[in-house]
Amino acid sequence: MKLKSQLSNPLRNQLRDQLDDQLRYQLGDQLRNRLWNQLRNHLRNQLRNQLRNQLRNQLRNQLRNQLWNQL
């Protein structure tokens, strides 16, 4: 015999509501964590790309200027 069939209606409803609340909070936590991770990854990638491009352009300009000045 299942546990829920042994419970009174008010108790069964209370248990269902508690499970519902627990799932809502857990799913909310998962969604919040997923969104934070996406934001952190996006910002990290954006910063890495900016720095990489900046350094590459800086080095290319320096090298071009050095070569040009040697001519």
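A residue counts as buried under 20% relative accessible area, as exposed over 50%, and as partly exposed in between. Keep those cut-offs in mind as you tour this predicted model.

**Stop 1: the whole chain.** Show the backbone as a cartoon and turn it around. You will find 2 helices and 0 strands. The C-alpha trace spans about 95 × 20 × 5 Å along its principal axes. A compact globule of 71 residues would have a radius of gyration near 11 Å, but this chain has 29 Å. Now switch on the surface: the chain exposes about 7,100 Å², and carbon and sulfur atoms supply 55% of that area. How many of the 71 residues count as buried? The share is 0%.

**Stop 2: aspartate 17 and its neighbour.** Select arginine 16 and aspartate 17 and show their side chains. The two meet in a salt bridge, at 3.8 Å from N to O. Is aspartate 17 buried, partly exposed or exposed? Its relative accessibility is 40%, which lies between the cut-offs of 20% and 50%, so aspartate 17 counts as partly exposed. Arginine 16, at 51%, is exposed because that value is over 50%.

**Stop 3: a small network.** Next, select aspartate 20, aspartate 21 and arginine 24. Side chains of opposite charge can pair when their charged atoms come close. Aspartate 20 forms a salt bridge with arginine 24, and their closest N and O atoms are 2.8 Å apart. These two residues are 4 apart in helix H2, which means that about one helical turn separates them. Arginine 24 also has a salt bridge with aspartate 21, at 3.0 Å from N to O. Those partners both lie in helix H2, 3 residues apart, again about one turn. Through shared partners, the salt bridges join Asp20, Asp21 and Arg24 into one network. Both aspartates are partly exposed: aspartate 20 has 39% relative accessibility and aspartate 21 has 34%. The whole structure holds 4 salt bridges.

**Stop 4: a nonpolar patch.** Travel along helix H2, which covers residues 9-70, and select Trp36, Leu39 and Leu43. Together they make a nonpolar surface patch of about 320 Å². Tryptophan 36 is exposed, with a relative accessible area of 54%, while leucine 39 is partly exposed at 38%. To link this stop with an earlier one, draw a distance from the C-alpha atom of leucine 39 to that of aspartate 17: the two are 22 residues apart along the chain and separated by 33 Å.

**Last stop: the charges.** Finally, colour the charged residues. The chain has 14 positive and 4 negative charges, and their mean positions are 21 Å apart.

Methods:
Residues numbered from 1 in each chain as written. Predicted model: local features only at pLDDT ≥ 70, side-chain atom pairs only at ≥ 80, totals over all residues. Heavy atoms only, no water. Rg over C-alpha atoms; globule rule 2.2 N^0.38 Å. Buried < 20%, exposed > 50% of the residue type's maximum accessible area, 1.4 Å probe, protein only. Areas by Shrake-Rupley, 256 points an atom, 1.4 Å probe, with all protein chains shown as cover. Lys, Arg positive; Asp, Glu negative; His and termini not counted. Charge placed at Lys NZ, Arg CZ, Asp CG, Glu CD. Patch = residues over 30% accessible without salt bridge, like charges linked within 9 Å, V, L, I, M, F, W, Y side chains within 5 Å.
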